[in-house]
Amino acid sequence: MATPIVTGAVALLKQKYPDWSPDEIKMALRNTAVNIGGNVNVQGYGRIDILEAVRLEGKPVVAEISEIINKESGLIDIIGTASGDNFESYSLYYGEEENPASEVLITSSTNPITEGVLFSDFDTSLLTGGIHYLILIVYHSNDEDSSRDEIPFLVDNLKIESVGNNFNYISNQAEVKGRISLSTYDSYKVEYRADPSTEWQEICYSESPLASSILCTIDVSTLDNGVYDFRLLVNQGANQILGEPLEVIVINELLEGWPQEIGGFPRDEMNLGNDGSYKKILVPFGATCGSGYCKGNAIHVFDYNGSSIVLKELSDGINSNKLPYLKRFSMYRDIEENKDYIVIPNLNPFLNNNPKGLVDFSGNYYKKWSGEYSGGSFVVIDDNFFSMGLRDNIAIYGIDKEGNNLPNFPIEIIPENGKEIYPLSDSVFMIEKNDGSKFIGVVYAIYENAREGWWPPFMKNVSYHLNIYSIDGSLITKKKFFEDNLREIGNLGLEFAVADLNGDDNQEIVIVTGIRDWNVYDEDVYNINAYQTNSYILDINGNILSEPYSIKGFLITKLAIGRLNNENLSIIISLSDTFPTTYQGNKLVAFDYSGNLKFDVNVQDYNELINGLAIGDIDSDGQSEIIINYRPRFYDGEPSGFMIYNGNGVIENKIIIPTQGEADDYYGLNPIITDLNGDGKLEIIQQSWFIDEKGDKARIYVLNLEQSDADSKLDWPQFQHDPQHTGCYDCDGGNRTPGPMRPQSKIVNNEDFDVTGRMVLWLRMRDGGGVIINSTEVFDEEITVPANGLIKLDVGRDSLGNQVFDGWNNVDVVSFGLLGPIEVYVSFEVDGELFEDSWEFEIV
């Protein structure tokens, strides 16, 4: 309502005083406004009094502060206008803090100014940090009708710009960067506190003038994970000047270089790949992201240290294509190259000309496909690729490495008796018999639509089916494992896995479903009978062997397979609570093939919701642990994190990941456990949907577990060993599981301090008797191995990412004239103690 009122007032003044300028009309309204008791930031200049405004005689003088220059430099220029036909003089004042009790004169002048410097080099170092006010009064020649302007300005002479290098998330040691824009001072210090109720603690102090942007380097390894305020304090004679606090997150387990951030909403699960040397994190995302939105398609490829490239286009060396819409994607491994390629699917059934195929981590086609097919992420079995798509019916696609349709593919599943079909999963899965023969499975629902216009559908007279096909497209079996002809139900989750659960050398298929009874739900959402989770174990012929676990009031969210307490494989599931079970919290359950419960526990805090599962021995005790990620139920700034349970369902550890926003929501995205940086220790990789007032983002966290790595220690998720997404726990996917990466040549320092020594690298040849007959020195210098870190000998980098030497990448062994059996020799001498190793290969 303010705009039409002000517009009418301006029109009345313009009608009475047609020769007044816009600035003069503004001054008339401002000068006659009624003060209603607030400061200028709250009320402006008050309530318009148009009657008083039209009674003015003579043009008002103009008072306008228009700009403050170099507000962070200590000295600022104050720009504005003090003028008018009836100008007499002006005075410029400042008032300290937001509600100044007094006004201190800066300058006065009888010279009018129009858009010029009212005062230059105003020294803000005389003021404390925070919000202050500038006040300009321009006096009228009649001594009565003066004009006034006031604006707030920020005094920011002291500032901590950042702590660490990654969004103020830190661990161990970190640099505190900032500035002090004061001409003189005696000393400064950086302080921290855990929350406003605690005392400020000094973390570093200096009496030397700041020579760079680095205030100091701090060690936070003794602090607990949490949110801390950091501030800069300067002593200037008897005065102490305080800077504004900066929020800093301490996560002791955080790996150097993380977290990393991508603008926009997370699309789907990350995947791991190997470029022939190192593991990479691959994240599907938008090509162009703003605050809360993304458009286009891209894959972000991250190195272990957080550096990344973004793939937006695919190239065959001649033409380039925009990357098609991507969600979850699989990896194809070339065994001979020991190298992974990204499998790019066509997710749009109506755009068969979308680019698709196998591409490397730079976006170059390894194999370009042009067939007419669509579907979600591919399951990779040997050199064949299988996916499931949905048009009018379900179609199963099978193609070879060149992109050609396999014989008898695509397969269409057509419902009978005029019913409709609904996929219960977005992908097929792999089954492998003990003779090595492989099959693919798919689960779906046949139903009548109970309520038009809904997706997922309201289903009645519904049955759930499992179809198993051979690799050549033959239907092996079609079995119904669930049927309901009485209720209207909705599918609220289905998880599956394939594994030899009972140790009989035959695989079983685990299917866990969550359903809602819409009839009961519509009557009473708090009726526990409205929600149910059921589990089924089927043999590879589709026969139901058991229904080991069922519960009402909870719904399936995640399923994992693992060997708990060194016994036969267990089925581990997480369950979300529903309206009637909210205050019981989410549930974690483990049971075996026969339905014997290993444990059935609820999370300790009902406000912490399970988002994902991983299984593995992460504390080197010889027993697998269950790692769940969790997020807060409400987006209210509470932390997310990880809970680690032992095989008996007892929580052993909790890693807290504080948030800088409303929440870090893991959004159903499983954690990945691996040795990402090749240091011989396990890391947890986690993607989150980071929510704050600026919009949606994705953050990727990597945490160091400080435990030795072994592939055999990791059970789940299956794509840790199976980035082809076969869904099969103990299949080999055609011997295409990642297995170990190329052995990492390295010097490892397990001490808590840096170790310096002399390193020598040689290429040597020996005769049949082991005598060295030819040798070439490649490197002989003193190097430093960082504390609890390493030097990677193949690339010459340490675990902090620093280049120590050129490594072996540029060594042309042929140029040395060494042909035949070659020995690579390395020695590292520290304080007279010699460490050495060698490796042999042959040049032909």
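# A chat about a predicted chain

User: Let's jump in with Val 248: is this residue buried or exposed?

Analyst: Val 248 is buried, and its relative accessible area is 0%. That falls under the 20% cut-off, so the residue counts as buried. Please keep in mind that we are looking at a predicted model.

User: Thanks! Where in the fold is Val 248 found?

Analyst: It is part of strand E16, which covers residues 246-250.

User: And what does Val 248 touch, leaving out residues up to four places away in sequence?

Analyst: There are contacts with Val 163, Asn 168, Ile 170, Gly 226, Val 227, Tyr 228 and Phe 230. As for Val 227, its C-alpha atom is 5.8 Å from that of Val 248, although the two are 21 residues apart along the chain.

User: Let me zoom out. How many helices and strands does the chain have?

Analyst: You'll find 5 helices and 63 strands. The chain has 844 residues, and 54% of them are buried. Taking contacts between residues at least 6 apart in sequence, 57% join residues at least 24 apart.

User: What about confidence: what is the mean pLDDT of the chain?

Analyst: The mean is 84, with 88% of the residues reaching 70 or more.

User: Where does pLDDT stay under 50?

Analyst: That happens over residues 733-743, a stretch with 33 contacts in the model beyond four places in sequence. A word of caution: predicted coordinates should not be read in detail where pLDDT is low.

User: Good to know. Which residues touch the most other members of the largest nonpolar core?

Analyst: Those are Trp 258, Ile 281, Ile 673 and Ile 685, in a core of 35 residues. Several strands supply at least two residues each, among them E19 (279-285), E53 (672-674) and E54 (681-692). Strand E55 gives the largest share, with 6 residues.

User: Switching to charges now. How many salt bridges does the structure hold?

Analyst: It holds 31. One of them pairs Arg 148 with Glu 103, whose closest N and O atoms are 2.6 Å apart. This pair links distant parts of the chain, with the two positions 45 residues apart in sequence: Arg 148 sits in strand E7 (residues 147-155), while Glu 103 is in the loop between strands E3 (87-95) and E4 (104-109).

User: Are those two buried or exposed, or something in between?

Analyst: In between. Arg 148 is partly exposed at 29% relative accessibility, and Glu 103 is partly exposed at 37%.

User: What does Glu 402 form a salt bridge with?

Analyst: Its partner is Lys 367, and the closest N and O atoms are 3.1 Å apart. Glu 402 is in the loop between strands E32 (394-400) and E33 (411-413), and Lys 367 is in strand E29 (residues 365-369), so the bridge ties together parts 35 residues apart in sequence. Glu 402 is partly exposed at 43%, and Lys 367 is partly exposed at 21%.

User: Got one more pair? What is the distance between the closest N and O atoms of Arg 487 and Asp 484?

Analyst: That salt bridge comes out at 2.6 Å. Asp 484 is buried, with a relative accessible area of 9%, whereas Arg 487 is partly exposed at 23%. Elsewhere, salt bridges that share partners join Lys 26, Arg 30, Glu 64 and Asp 149 into one network.

User: Which side chain of opposite charge is nearest to Glu 24?

Analyst: It is Lys 59, 4.2 Å away; Glu 24 is buried yet has no salt bridge. The cut-off for a salt bridge is 4 Å, so this pair does not qualify. Glu 24 belongs to helix H2 (residues 22-31), and a polar atom of its side chain lies 2.8 Å from the backbone nitrogen of Ser 21. Beyond four places in sequence, Glu 24 touches Asp 19, Lys 59, Pro 60 and Val 62.

User: Last one: where does Asn 485 lie?

Analyst: Asn 485 is in the loop between strands E38 (475-484) and E39 (489-499). It counts as partly exposed, at 45% relative accessibility. Its side chain makes a polar contact of 3.4 Å with that of Glu 483, and beyond four places in sequence Asn 485 touches Asn 461 and Val 462.

Technical notes: Residues are numbered from 1 along each chain as its sequence is written. This is a predicted model: local features need pLDDT of at least 70, side-chain atom pairs count only at pLDDT 80 or more; totals for chains, interfaces and linings use all residues. Side-chain values use heavy atoms; hydrogens and water are left out. Helices (H or I, at least four residues) and strands (E, at least two) are DSSP runs, numbered from the N terminus. Buried means under 20% relative accessible area, exposed over 50%, partly exposed in between (1.4 Å probe, protein chains only). Lys and Arg count as positive and Asp and Glu as negative; His and the chain ends are not counted. A polar contact is a pair of N or O atoms within 3.5 Å; within protein, one must be able to donate a hydrogen and the other to accept it, and residues adjacent in sequence count only if both atoms are side-chain atoms. Contact means heavy atoms within 4.5 Å. pLDDT is the predictor's confidence in each residue, from 0 to 100. A nonpolar core is a set of buried Ala, Val, Leu, Ile, Met, Phe, Trp, Tyr and Cys residues joined through side-chain atoms within 4.5 Å.
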